[in-house]
Amino acid sequence: FERKMYRDIFSHEGGSEADGTTKSGITQKIVNDMRNEQFYGKAKELDAIGVTAGKESVDLTMKQRIGVYRIYQDRIYGAAAKANGFKTGAGLLNAMGDPKVVGAVADTTFREGIGGGTVDVQEAINDYYQKAGSKKSVNVDGTFGSNTFKAVRDIVKSPQDRDQFLNLLADRRVVSRVKKLKQGQTKPPKGEITRIDFYRPKKAP
């Protein structure tokens with residue numbers, strides 16, 4: 001599932017087209033923050049893929065961009081991955097067992113940010129539990145821990161529940177986008193909605 005996940009994020013973020021200091025969704029700030037011990041503390045990992053100090057985000061090769069995606073995911077899912085016996089964040093995502101779910105969760109945390117995206121996932125989980133009449137819940141704390149991982153993994157085992165979760169997650173993303181509207185905007189840009197809807201389950205013909 002990993003290759004498709006990165007390919008979809010790459011496509012949603014404009015592919016190889018640069019927008020100022022941003023390319024493939026990777027900003028110069030992200031690259032700089034990854035080196036900063038107060039944020040990511042991943043200078044060693046960046047050096048290992050050739051993204052040395054002073055490297056411009058728009059000059060990254062395709063391989064380096066994928067490497068940055070992986071480092072970013074390890075920052076989000078790394079602790080839960082380690083706690084559950086996986087070597088990488090991507091390994092944890094793959095263990096969710098469904099490519100659509102893997103892509104939806106990964107894209108949510110990439111587009112909406114580490115904390116904000118995780119909150120969307122956690123709120124979608126709780127929305128699912130509420131609709132199912134369950135007293136279960138996960139803490140909405142913006143940290144993707146073991147409980148969040150296990151909740152998603154267990155929910156999506158059933159095709160029907162998987163589809164419901166994907167729709168609930170998409171709904172939560174729309175709400176997040178509405179909260180981020182700029183002055184004068186009345187709804188999220190069409191491109192944002194198209195990106196979110198990409199991860200909804202396909203309707204039967």
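Let's start in the middle: the largest nonpolar core of this predicted model has 47 residues, and the ones with the most contacts inside it are Met-96, Val-105, Ile-125, Phe-144 and Phe-165. Plenty of helices chip in. At least two residues of this core come from each of α1 (2–12), α2 (28–35), α4, α5, α6, α7, α8 and α9. The largest share, 8 residues, is supplied by α4.

Before going further, a word on confidence. The protein chain has an average pLDDT of 93, and 99% of the residues score at least 70. Among its elements, the highest mean pLDDT, 97, belongs to α8, while strand β1 (residues 18–19) has the lowest, 86.

So which residues of α8 are buried? Helix α8 spans residues 146–155, and its buried residues are Thr-148, Phe-149, Ala-151, Val-152 and Ile-155. Down the helix axis, these buried residues of α8 fall within an arc of 165°, so they line one face of the helix. The background here is that an α-helix has 3.6 residues a turn, so residues three or four places apart point the same way. As for partners, the buried residues of α8 pack against α5 (89–94), α6 (99–111), α7 (114–131) and α9 (159–179).

Val-152 is a handy residue to click on in that helix. Its relative accessibility is 0%, so Val-152 counts as buried. Setting aside neighbours within four places in sequence, Val-152 is in contact with Met-96, Val-101, Val-121, Ile-125 and Phe-165. Its C-alpha is also 9.3 Å from that of Val-105, with the two residues 47 apart along the chain.

Phe-165 gives you the view from the other side of that contact. Not counting residues up to four places away in sequence, Phe-165 touches Val-101, Val-121, Ala-124, Ile-125, Val-152, Ile-155 and Val-156. Two of the names on that list, Val-152 and Ile-155, are among the buried residues of α8.

Now over to α4, the helix with the largest share of the core. Helix α4 covers residues 62–83, which is 22 residues, and reaches 30 Å from its first C-alpha to its last, close to the 32 Å expected at 1.5 Å a residue. Where does α4 bend? The bend is at Tyr-77, and its angle is about 65°. Tyr-77 is also one of the buried residues of α4, which include Gln-64, Arg-65, Gly-67, Val-68, Tyr-69, Ile-71, Tyr-72, Gln-73 and Ile-76 as well. After α4 comes Gly-85, with a positive phi near 85°.

From here you can hop to α7 by way of Ile-114, which is found in that helix. Leaving aside neighbours within four places in sequence, the contacts of Ile-114 are Tyr-40, Tyr-72, Arg-75, Ile-76, Thr-109 and Gly-142. Of these, Tyr-72 and Ile-76 are among the buried residues of α4. Gly-142 lies 28 residues from Ile-114 in sequence, and the two are 7.4 Å apart in space, C-alpha to C-alpha.

Helix α2 brings us back to α4 as well. Gln-28, Ile-30, Val-31, Asp-33 and Met-34 are buried in α2, and the buried residues of this helix pack against α3 (43–48) and α4. Take Gln-28: with a relative accessibility of 15%, Gln-28 counts as buried. Beyond neighbours within four places in sequence, Gln-28 is in contact with Thr-21, Lys-55, Glu-56 and Ser-57.

The loop between β2 (22–23) and α2 holds a backbone oddity, Ser-24. Most residues other than glycine have a negative phi. Ser-24 is not a glycine, yet its phi is positive, about 60°. Is Ser-24 buried or exposed? Ser-24 is buried, with a relative accessible area of 0%.

Finish with two residues of α1. Asp-8 lies in this helix and is buried, at a relative accessible area of 10%. Not counting residues up to four places away in sequence, Asp-8 touches Phe-198 and Tyr-199. Lys-4 is also in α1, but at 36% relative accessibility Lys-4 counts as partly exposed. Lys-4 and Val-102 are separated by 98 residues in sequence and by 9.5 Å in space, C-alpha to C-alpha.

Note on methods
Residues numbered from 1 in each chain as written. Predicted model: local features only at pLDDT ≥ 70, side-chain atom pairs only at ≥ 80, totals over all residues. Heavy atoms only, no water. Buried < 20%, exposed > 50% of the residue type's maximum accessible area, 1.4 Å probe, protein only. Helix = DSSP H or I, 4+ residues; strand = E, 2+ residues; numbered from the N terminus. Arc of directions from axis to C-beta. Contact = heavy atoms within 4.5 Å. Expected span 1.5 Å × (residues − 1). Bend = angle between axes of the 7 residues up to and from the residue. pLDDT = per-residue confidence, 0-100. Core = buried A, V, L, I, M, F, W, Y, C linked by side-chain atoms within 4.5 Å.
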